[in-house]
Amino acid sequence: MRRQIPALLVLAALVAGCGSDDEEPTASQKTQPTTSSPSLAGTYERTLTRRNIERTDHLRDESAPEQEKPQPGPLELALEEGTLTMRDIGAGLTIRQDFSATSDGAFRIGAYQAPEQGSFCGPDVSQTAAYAWARSGDMLVLEAKQDECADRDSALAGEWKRR
């Protein structure tokens, strides 16, 4: 009987340690989410330069007849509730895409919202892209991490000033 008592105590401790899945986690067990949407909402502006365009020439494929290199000039970027709107003011072109950003600096670009009205690249190039973002005061910096679209990379990667 004496040998059974320690085994029963171990078994009782194990059973007592098991809990129901319905129990609320303690404060020390709760974790904060690692991704949250930072407030990047606002309108930003920058000038697209020849240097921006030439930087992405190795990605550019102008085989589609309607696809041309962008022209240098003023750009406007509006970020609001999951929608990225980029306007090429000189060309009169507006492009809208889904986007999300996380507090750790990830900036993901999703599907075009109205590709028939405007897109950065043709249908053979991925709509999605991954960027990194950083903000200091009224400056937003976007850096392409993975983007197969030369025109989008040329336009978006760089410093944007909040209006």
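1. A good place to start is L84: setting aside neighbours within four places in sequence, L84 is in contact (heavy atoms within 4.5 Å) with L77, A78, L79, I95, R96, Q97, F99, F107, I109 and L156.

2. A word on provenance: this is a predicted model, where local features need pLDDT of at least 70 and side-chain atom pairs count only at pLDDT 80 or more, while totals for chains, interfaces and linings use all residues. Residues are numbered from 1 along each chain as its sequence is written, and side-chain values use heavy atoms, with hydrogens and water left out.

3. The largest nonpolar core holds 27 residues, and L77, L79, L84, F107, L142 and L156 have the most contacts inside it. Such a core is a set of buried Ala, Val, Leu, Ile, Met, Phe, Trp, Tyr and Cys residues joined through side-chain atoms within 4.5 Å. Elements that each supply at least two of its residues include β2 (73-80), β5 (106-112), β7 (139-146) and α3 (150-156); helices (H or I, at least four residues) and strands (E, at least two) are DSSP runs, numbered from the N terminus.

4. On aromatics, the count is 1 pair, with ring centres of Phe, Tyr or Trp (its six-membered ring) required to lie within 6.5 Å; planes under 30 degrees apart are stacked, over 60 edge-to-face, and the rest tilted. F99 and F107 have ring centres 5.1 Å apart and planes at 25°, so they are stacked. Both rings belong to buried residues, F99 at 14% relative accessibility and F107 at 0% (buried is under 20% relative accessible area, exposed over 50%, partly exposed in between, with a 1.4 Å probe and protein chains only).

5. You may also like R46, whose charged end sits over the ring of W160, 5.4 Å from its centre. The test here is NZ of Lys or CZ of Arg within 6 Å of the ring centre and within 35 degrees of the ring normal.

6. Salt bridges (a side-chain nitrogen of Lys or Arg within 4 Å of a carboxyl oxygen of Asp or Glu) number 10. In one of them, R55 pairs with D153, with the closest N and O atoms 2.9 Å apart. R55 is in helix α2 (residues 50-55) and D153 in helix α3, so this bridge ties together parts 98 residues apart in sequence. R55 is partly exposed at 38%, whereas D153 is buried at 6%.

7. Finally, K145 and E143 form a salt bridge at 3.4 Å between the closest N and O atoms; K145 is exposed at 55% and E143 partly exposed at 43%. E45, E76, R87 and R163 are joined in a salt-bridge network.
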